[in-house]
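Subject: Structure for you to look at

Hello,

Here is the structure I promised to send over. Please open it alongside the notes below.

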Amino acid sequence: MNADAKKTALRMIPYGIYVLTADDGKGGVAAATVNWVTQSAFAPPLVVVGVKTDSGAYKIVKETKSFALNMLGKDQKGLAFTFFKPATVADGKISGQAYKKGATGVPILSDAPAAVECKVTSIVEQGDHHVVVAEVVEAHVMKPPAGRPDAAILEMKDLGDNVFYGG
Ligand SMILES: Cc1cc2nc3c(=O)[nH]c(=O)nc-3n(C[C@H](O)[C@H](O)[C@H](O)COP(=O)(O)O)c2cc1C
């Protein structure tokens with residue numbers, strides 16, 4: 001296989017940008033910007049997320065089987081960059097961002113336009129990112145989108161000409 005062709009072809013897949021949050025219940029919180037996300041079933045409503053196995057987020061998600069996906073709005077590029085680094089908790093905020101606990105105890109970022117709370121149903125353990133399959137059990141819309149919901153989401157292409165995850 002030609003490595004450049006593989007990279008270019010795979011980078012033609014478009015992605016939204018989300019912040020995955022999780023709480024270990026012992027004072028540890030994870031918040032990571034992720035893009036390998038899609039819905040995969042209507043009934044029950046399932047989503048799948050590719051999560052890096054050596055990340056803080058993966059450890060907590062595997063342990064607690066709970067996480068939230070916080071949707072980022074078109075104008076929230078700064079938040080995406082904030083959560084490329086491991087999260088820190090201080091003054092009741094995650095990396096400086098206000099949050100509240102959702103129905104399942106997972107952190108919901110107050111500034112996200114919408115979020116879903118998810119319960120892990122299985123993890124496909126292959127490769128350097130594992131595919132986490134999870135059921136959406138609660139949903140929040142803090143800022144209803146004016147038009148199509150998928151037009152309101154921050155996308156990989158909005159992050160700059162040289163930002164990619166995939167390829
Ligand atoms: C553009 C971009 C997209 C990313 N997408 C993902 C992803 O889909 N899944 C993932 O596990 N990590 C992804 N990451 C890496 C995480 O953002 C990063 O590992 C995480 O924030 C580190 O925190 P943690 O170790 O506490 O989880 C991405 C990074 C960048 C720069």
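Two strands pair if DSSP finds at least two bridges between them. Helices (H or I, at least four residues) and strands (E, at least two) are DSSP runs, numbered from the N terminus.

This is a predicted model: local features need pLDDT of at least 70, side-chain atom pairs count only at pLDDT 80 or more, and totals for chains, interfaces and linings use all residues. Residues are numbered from 1 along each chain as its sequence is written, and side-chain values use heavy atoms, with hydrogens and water left out.

The sheet comes first. Strands S6-S7-S8-S9, in that order, make an open antiparallel sheet of 4 strands. At its edges sit S6 (89-90) and S9 (107-109), each paired on one side only. Inside it, S7 (residues 93-94) and S8 (residues 97-101) run antiparallel and are joined by 2 bridges. Lysine 93 has alanine 98 in S8 as its bridge partner.

Now the whole chain. It holds 3 helices and 11 strands. Their order along the sequence is α-β-β-β-β-α-β-α-β-β-β-β-β-β. The C-alpha atoms fill a box of roughly 45 × 35 × 35 Å along the principal axes.

Burial (under 20% relative accessible area, 1.4 Å probe, protein chains only) applies to 40% of the 167 residues. Contacts (heavy atoms within 4.5 Å) are often long-range in sequence: of those with a separation of 6 or more, 63% link residues 24 or more positions apart.

Best wishes

Note on methods
Buried means under 20% relative accessible area, exposed over 50%, partly exposed in between (1.4 Å probe, protein chains only).
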